[in-house]
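Student: Can we go through this one together? I'd like to start with the packing.

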Amino acid sequence: AKIPRLEKPSRGRMQHSHTPQGKARRTPSRAAARDAPPPRTFFASVINRELAPRRISVAALLPELSCDEDADVYTFGGGPTQAGLPFCPRYCPWPACPTTLGVADEDGCMTLVDAAQPAEAPDQRRWRWRAHRNAVFDFAWSPAEGRLLTASGDQTCALWDISRCGSSRDAGEGRLLLCRGHRGSVKSVAARPADPHVFASGSRDGCILVYDVRQGGEPVMALRGVHEPSPPSAAKRKRGGLPNVGHHGVTAVLYLLDERNVLATAGGTDGAIKLWDARLGGAGRGERGRRAAQPLSVLAPDSGRERPHGIISLSTDASGGRLLASSTDHTLYLYETVRPEVGEVGRYRGHRAGTFYVKSSLSADGRQAISGSSDGAVYVWQLDAPAAPPLVLRGHSAEATGVDWCASDPTQLASCSDDGTVRVWRVARGAARNAPSLGANLRAPGRGDTE
């Protein structure tokens, strides 16, 4: 059922005047103009985040997070009728279904569940279909409701109409477009905000491809070899040089904000985060796009080290003002995208990132971060209190990999694991019942707000 749209009534009175023809004309008062919401721009979002009234401390509720073993554990791996190991849980951003949780798995299937319903409830219907003949490493919800994008180990991306996929094992009729161009497993896909036609993908082949679905399944823009590491010095070559120098894969692509046309990408070998002008003039088209493109900014989290560590994942808050990067050096790095030249503004440790499957996520308000961990735990940090220890959530019995925040509920998050389960963590119902209503204005957490 769709959530009804509520219009905020104006507190200002309407002033009436009469035209010469006797028809009434309604003019908004100054109070109504004053109460009108400001335009949703990047800079307005940053200002509102800092200046809005701070009524509620989500940080005070996070220690109450728990996972009900009977209601909040979804099993994926381990049986002939179940999906393969889950890779990527992601909440739906559409207003009509904010508790829908999508999960990609190693068998090439997509599964949608309603996280508001218990996992084994009679009315819990899993919407599942086979999207690819190889693992789905990543997916993205399209700005166009009812559609999503998948990225697979079969070297392709696909655009899907969910309503036509049904619940069958093979739902090819729901595939609207198959996109080719990569020569390696596609590790990341990102939809351009507020644009239902354009998306980007990154692959192990070291290429970043941009597609416009109106132009078919071939890329309209290609950036190649943009995350190749610097050539090692002679001294380093004698010691064996950089490991995996032949693997220059792109591990993450992410649009920061539509109005600025910025695409962030991360490398698995060079350990760099690069910000690009995503407009089509920045590089050549398709296979002929061989011209060297120059990034707007380059962020090197561990610059100065002899050997860079790879970047695993990227995430941003709802305004696009904060960028979180997870590194194989077991550290999360935080950046302010409006001033990337300043460098990192925060570092967060405590988890173990032993593989490229251990990913992190930034909350919608940009005040908390979550990460999986090779020790099986899920870690939660208060970003405005970097010295505070993270909150540790235990329940998985193997490496915790993909994680995501629920955009509509800052006290709900999801994690998946190599134990074949997806867990939904939420504030205990008693604590939530005694807490004030959660709103968009959140109080900045203090050092005493974490466990």
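Tutor: We'll take the core, then the aromatic contacts. This is a predicted model, where local features need pLDDT of at least 70, side-chain atom pairs count only at pLDDT 80 or more, and totals for chains, interfaces and linings use all residues. Residues are numbered from 1 along each chain as its sequence is written, and side-chain values use heavy atoms, without hydrogens and water.

Student: How many residues are in the largest nonpolar core?

Tutor: It has 20 residues. A core here is a set of buried Ala, Val, Leu, Ile, Met, Phe, Trp, Tyr and Cys residues joined through side-chain atoms within 4.5 Å. Buried means under 20% relative accessible area, exposed over 50%, partly exposed in between (1.4 Å probe, protein chains only).

Student: Which strand gives the most to this core?

Tutor: β9, with four residues. Strands are DSSP runs (E, at least two residues), numbered from the N terminus.

Student: Switching to rings. How many aromatic pairs are there?

Tutor: Seven in the whole structure. Rings of Phe, Tyr and Trp (its six-membered ring) pair if their centres lie within 6.5 Å; planes under 30 degrees apart count as stacked, over 60 as edge-to-face, the rest as tilted.

Student: Why is the pair of Phe 87 and Tyr 357 stacked?

Tutor: The centres are 5.4 Å apart and the planes at 20°, so the pair is stacked.

Student: Are those two residues buried or exposed?

Tutor: Phe 87 is buried, at 14%. Tyr 357 is partly exposed, at 35% relative accessibility.

Student: Which residues form a cluster with them?

Tutor: Phe 137 joins Phe 87 and Tyr 357 in one aromatic cluster.
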